[in-house]
Amino acid sequence: MKTTRVSFEFFPPKTADGMDKLRETRAQLAKYNPEFFSVTFGAGGSTRDRTMDAVLEIQQEGFQAAPHISCVSSSKEEIRELLQSYKSHGIKRLVALRGDVPSGEVSSGDFRYAVELVEFIRAETGDQFHIEVAAYPEFHPEARTPAADLLNLKRKVDAGANSAITQYFYNADAYFRFIDQCEAAGINVPIVPGVMPIYNITQLARFSNVCGAEIPRWLRMRLEEYADDIPSLRAFGIDVVSELCETLKVWGVPSLHFYTLNRSGIISNIIENISE
Ligand code: FAD
């Protein structure tokens, strides 16, 4: 059994087949004794019921389940109902996010930023939930400045967040420097690196364009070289991400949070590569 603490993130499947596959993925990843399995939430509540179904199933299997809640385009009443529902099911951990308004739409909800959601959760439910928020070692794409983004994280923590999970990154120095800045700014909660395995260069480039996570030039060029040779691309990606996890572990990160895309194979390879 690996000693590195881990958690895993899923998206809520759309079909019964997808739910079956997710069950298999969970069964594979359960052997790493995760702190929790989290389930994403579509902005504006588009996955509300599917997120709830996946979360409750995880909980029934005896694992800690952490629903994400993104507040953009939602009303206070909708979020209040969701919180009451999670509370009544005994959920103990939430990942509180702003979310992104789909392009071409205008936000019509009661919340503008994640800090308002954190404040609302604390006001409505006291200490019922351990609240995770998002953090950005390479800075959020809409941040006016790095300092403003750091201040936003501090506000979320001051409003009651207990810990943070980062956007993925492939440059460990970005994370280490970010942690130094957080400490200097008085942000004293665990900041867990989010780890994105490499499955496919097109998909990774698309995600990275949207979320502002940099694919370093050396990595992008090597991945492009393997674009038509998926087994080699995956083997190379496993090497790169395993080395990143090892570096983070040796440095002393509190835990590793994997973006699974509902798959277990590559993640198992990576975790098995991390030293005891
Ligand atoms: P915020 O913390 O509100 O920050 C958003 C931006 O606004 C930042 O640039 C910040 O600097 C800026 N800002 C904050 N306050 C102000 C202010 N007063 N004035 C001006 N600018 C300000 N999205 C989903 O839809 N569903 C999910 O399940 C989901 N899960 C995620 C999980 C993790 C671990 C991460 C890292 C991201 C996730 N996302 C998810 C994506 C997230 O919703 C987006 O990155 C979104 O753009 C920002 O969300 P946030 O909670 O970081 O927002």
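Let me begin with a term: a residue is near a molecule or strand if one of its heavy atoms lies within 4 Å of it. With that in hand, 22 residues surround the ligand in this predicted model, and the closest of them are Phe-41, Asp-100, Tyr-136, His-140 and Asp-149.

Before going on, a word about the basis: this is a predicted model in which local features need pLDDT of at least 70 and side-chain atom pairs count only at pLDDT 80 or more, while totals for chains, interfaces and linings use all residues. Residues are numbered from 1 along each chain as its sequence is written, and side-chain values use heavy atoms, with hydrogens and water left out.

Staying with the ligand, an oxygen atom of it is 2.9 Å from a polar backbone atom of Gly-99, a polar side-chain atom of Asp-100 lies 2.5 Å from a ligand oxygen, and an N or O atom in the side chain of Lys-156 is 2.7 Å from an oxygen atom of the ligand.

Now to the strands, where helices (H or I, at least four residues) and strands (E, at least two) are DSSP runs numbered from the N terminus. Strand β5, residues 130-135, has five of its six residues buried, so it is largely enclosed by the rest of the structure; buried means under 20% relative accessible area, exposed over 50%, and partly exposed in between, with a 1.4 Å probe and protein chains only. Two strands pair if DSSP finds at least two bridges between them, and β5 pairs in the parallel sense over four bridges with strand β4, residues 93-97, where Leu-94 stands opposite Ile-131. β5 also pairs in the parallel sense over four bridges with strand β6, residues 163-168, and there Ala-135 stands opposite Thr-166.

Which residue of β4 deserves a closer look? I would choose Arg-93, which has its place in that strand and is buried, with a relative accessible area of 11%. Its side chain makes polar contacts (pairs of N or O atoms within 3.5 Å; within protein, one must be able to donate a hydrogen and the other to accept it, and residues adjacent in sequence count only if both atoms are side-chain atoms). One is with the side chain of Gln-64, at 3.2 Å, and another is with the side chain of Glu-132, at 2.5 Å.

Lastly, Leu-153: leaving aside neighbours within four places in sequence, Leu-153 is in contact (heavy atoms within 4.5 Å) with residues including Val-133, Ala-134, Ala-135 and Ile-191.
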